[in-house]
Amino acid sequence: MNTLKGRMIASYSLISLLIIVILGILINFSVDKGFENYAITQRSQQIDSIISQVNQQFDEGTDLYNVDGLEMIGNAALQNGIFMHVQTLKKEIDWDIQQHKAQECMIQLQHTDKNMHSLYPNFQGGYTEDTYDLKYNDKVVGYLTAGYYGPYSLNDNELILIKGLNRSIIILGVVFLLIAIIFGIFMARHVAAPIVKATKAAQKIAGGDFEVQIQETTSMRETARLINSINEMAEELKRNEQQKKQLSADVAHELRTPLNNLQSHMEAMIDKIWEPSTERLQSCHVEIMRLTQIVTQLQDLYTLESKNTHIESDYFDFIDLYKSIFTDFEMTIKSKGIRLMGQIPSPAPIYANMPRLKQCMVNLISNAIHYTPEGKNVTVIYEKQENHIELRVCDEGSGIAAEELSHIFERFYRVDKSRSYMTGGMGVGLSITKAIIEAHGGTIYAESQKETGTTFIISLPWGDFDNHHKIPISLG
Ligand code: ADP
């Protein structure tokens with residue numbers, strides 16, 4: 001009974017039973033009431049008919065009733081359970097069936113009483129009589145007393161009919177209850193089966209099996225949502241697990257080279273193969289710095305990718321950010337012979353975390369500068385769209401092949417595999433950039449053509465500029 005299926009069957013059966021019992025009682029009550037009204041009306045019609053028959057037996061000449069006629073009427077009335085007693089005014093005639101057929105009257109009464117009690121054990125009934133005036137030409141000439149079992153009674157045939165009806169109601173009730181239980185079992189199975197499957201799948205997932213997928217289809221919206229959520233949860237956990245494995249492998253791979261270098265340098269110096277010169281110690285220091293950078297970047301990425309990272313944003317002018325980046329890169333672009341240009345309106349309002357957005361722009365611009373040959377341009381464009389801001393970093397560099405383009409935002413992904421950690425990036429810069437932009441509620445993607453150049457397009461939400469009390473710049 002503690003299972004969903006058990007509870008559903010039990011409650012379904014209980015409700016059905018309740019409905020059937022209430023319906024049974026109502027039907028039974030209206031049948032009984034109907035028969036009671038019918039019996040009372042019929043008896044009153046029978047008495048009316050007896051009175052009219054008795055009136056026909058009156059002889060105007062003698063002012064008396066024909067006794068033979070009265071006997072016939074009285075015997076017939078007895079068959080219908082009515083005990084007739086006729087008296088003339090001066091009691092010249094005093095004909096009473098109970099004097100003529102006392103025993104039959106008694107048997108009749110006892111039989112009716114037994115009948116009524118067999119149907120209604122608590123029936124409150126007994127002998128009753130009513131007296132009526134007998135008139136001739138509107139003059140009272142006598143009295144008729146009709147005795148009967150009251151307040152009402154049913155004859156043998158009526159009794160058989162009511163008992164049959166009651167039996168049919170009970171049989172119908174039992175049949176309906178059985179149908180309801182069978183239907184309840186079917187419904188409970190229909191409802192419970194997908195939930196049981198979902199529970200089993202959730203247990204497997206809890207046990208670490210993320211390959212589970214529930215195939216069950218159901219038309220019930222809530223259950224379908226539950227199944228979808230469990231399937232999505234399994235997929236998400238599987239993805240996380242794979243990412244975790246991949247990350248461990250990538251980190252191990254990235255750390256191995258500087259660690260190996262450090263180890264061999266140290267061993268050579270310990271074994272006195274190498275003198276611990278300043279130059280060699282500096283080389284070790286570079287490796288250590290490199291290791292620190294890898295760990296710092298990974299930590300940054302981990303923080304940004306955890307779902308509840310909150311980025312504090314504020315309103316500022318993008319031109320200020322661009323100017324500060326330009327100053328940082330001034331020497332590099334000069335020495336490489338590249339032009340860094342900004343197509344930025346004034347003012348260029350933006351709602352973001354300034355240091356984090358700077359980190360993104362520095363990543364993109366330094367990549368652009370790195371891949372752009374001498375004499376070419378790197379352009380930063382700001383454009384306000386209908387409900388977002390678009391920032392583009394375009395270069396005229398080597399470009400990225402279409403099959404590589406979809407991977408560049410993956411951590412540790414480098415298009416040029418030969419580009420070692422010594423020559424710069426370790427393939428985390430774009431992952432961090434993407435994580436920062438997404439933490440702002442924005443998006444980033446790249447468009448590129450081999451040998452023509454690459455454009456990175458960032459889209460940031462417009463923010464609440466229109467209502468913000470701190471609007472620092474006119475929106476033009
Ligand atoms: P890295 O630290 O190696 O630069 P990133 O995550 O910043 O790593 O970039 C991933 C890879 O994407 C780079 O190794 C490079 O191959 C490619 N890439 C990024 N920006 C550009 C660009 N502007 N032009 C060509 N290739 C690029």
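Let's start where helix H9 (residues 354–371) meets helix H11 (residues 429–439): in this predicted model, their axes come within 9 Å and cross at roughly 145 degrees. The crossing of H9 and H11 is left-handed. From H9, the contact takes in Arg-356, Leu-357, Gln-359, Cys-360, Asn-363, Leu-364 and Asn-367, and H11 answers with Gly-429, Leu-430, Ile-432, Thr-433, Ile-436 and Ile-437. Sorted by class, the residues of this contact are seven nonpolar, five polar and one charged.

H9 has another helix to meet. Its axis and that of helix H8 (residues 318–336) come within 10 Å and cross at roughly 30 degrees. Angles under 35 degrees count as roughly parallel, and H8 and H9 are therefore roughly parallel to each other. Their crossing is right-handed. On the H8 side you will find Phe-318, Leu-321, Ser-324, Ile-325, Asp-328, Phe-329, Thr-332, Ile-333 and Lys-336, and on the H9 side Met-354, Leu-357, Lys-358, Met-361, Val-362, Ile-365, Ser-366, Ile-369 and His-370. The contact of H8 with H9 has 11 nonpolar, four polar and three charged residues. If you are following along on screen, Leu-357 is worth a click: this H9 residue belongs to the contact with H8 and also to the contact with H11.

From H8, we can step onto a sheet. H8 lies across S8, S10 and strand S11 (388–395), and runs at about 175 degrees to S8. The sheet is open and has five strands in the order S8-S10-S11-S13-S12, with mixed pairing. Strand S8 (339–343) and strand S12 (443–449) stand at its edges with a single partner strand each, so one side of each has no neighbour in the sheet. On average, and ignoring direction, neighbouring strands here are turned by 15 degrees against each other.

Now compare what happens at the two edges. S8 runs parallel to strand S10 (residues 377–384), and five bridges join them; Met-341 stands opposite Thr-379 in S10. S12 runs antiparallel to strand S13 (residues 453–461), and here seven bridges make the join. Ser-448 has Thr-454 in S13 as its bridge partner. S12 and S13 form a hairpin with three residues between them, and in that turn Glu-451 has a positive phi of about 65 degrees.

There is another sheet to visit earlier in the chain. Four strands form this open sheet in the order S4-S3-S6-S5, and their pairing is antiparallel. Its edge strands, strand S4 (94–96) and strand S5 (126–136), each pair on one side only. Neighbouring strands of this sheet are turned by 15 degrees against each other on average, direction ignored. Further in, six bridges join strand S3 (residues 83–88) to strand S6 (residues 139–150) in an antiparallel run, and Met-84 stands opposite Ala-146 in S6.

Helices pack on this sheet too. Helix H1 (residues 4–56) lies across S3, S5 and S6, running at about 145 degrees to S6. Helix H2 (residues 67–79) touches S3 and S4, and its direction makes about 155 degrees with that of S3.

Finally, let's zoom out to the domains. The domain assignment gives domain 1 (4–173), domain 2 (221–305) and domain 3 (314–461). Taken over C-alpha atoms, the centres of domain 1 and domain 2 are separated by 102 Å.

Terms used
Residues numbered from 1 in each chain as written. Predicted model: local features only at pLDDT ≥ 70, side-chain atom pairs only at ≥ 80, totals over all residues. Heavy atoms only, no water. Domains from an automatic or database assignment. Pairing = 2+ DSSP bridges. Helix = DSSP H or I, 4+ residues; strand = E, 2+ residues; numbered from the N terminus. Axes fitted to C-alpha atoms, helices over the stretch in contact; angles between N-to-C directions. Contact = heavy atoms within 4.5 Å. Parallel < 35°, antiparallel > 145°, perpendicular 65-115°, else oblique. Left-handed = near helix turned anticlockwise from the far one by under 90°. Nonpolar A, V, L, I, M, F, W, Y, C, P; charged D, E, K, R; others polar.
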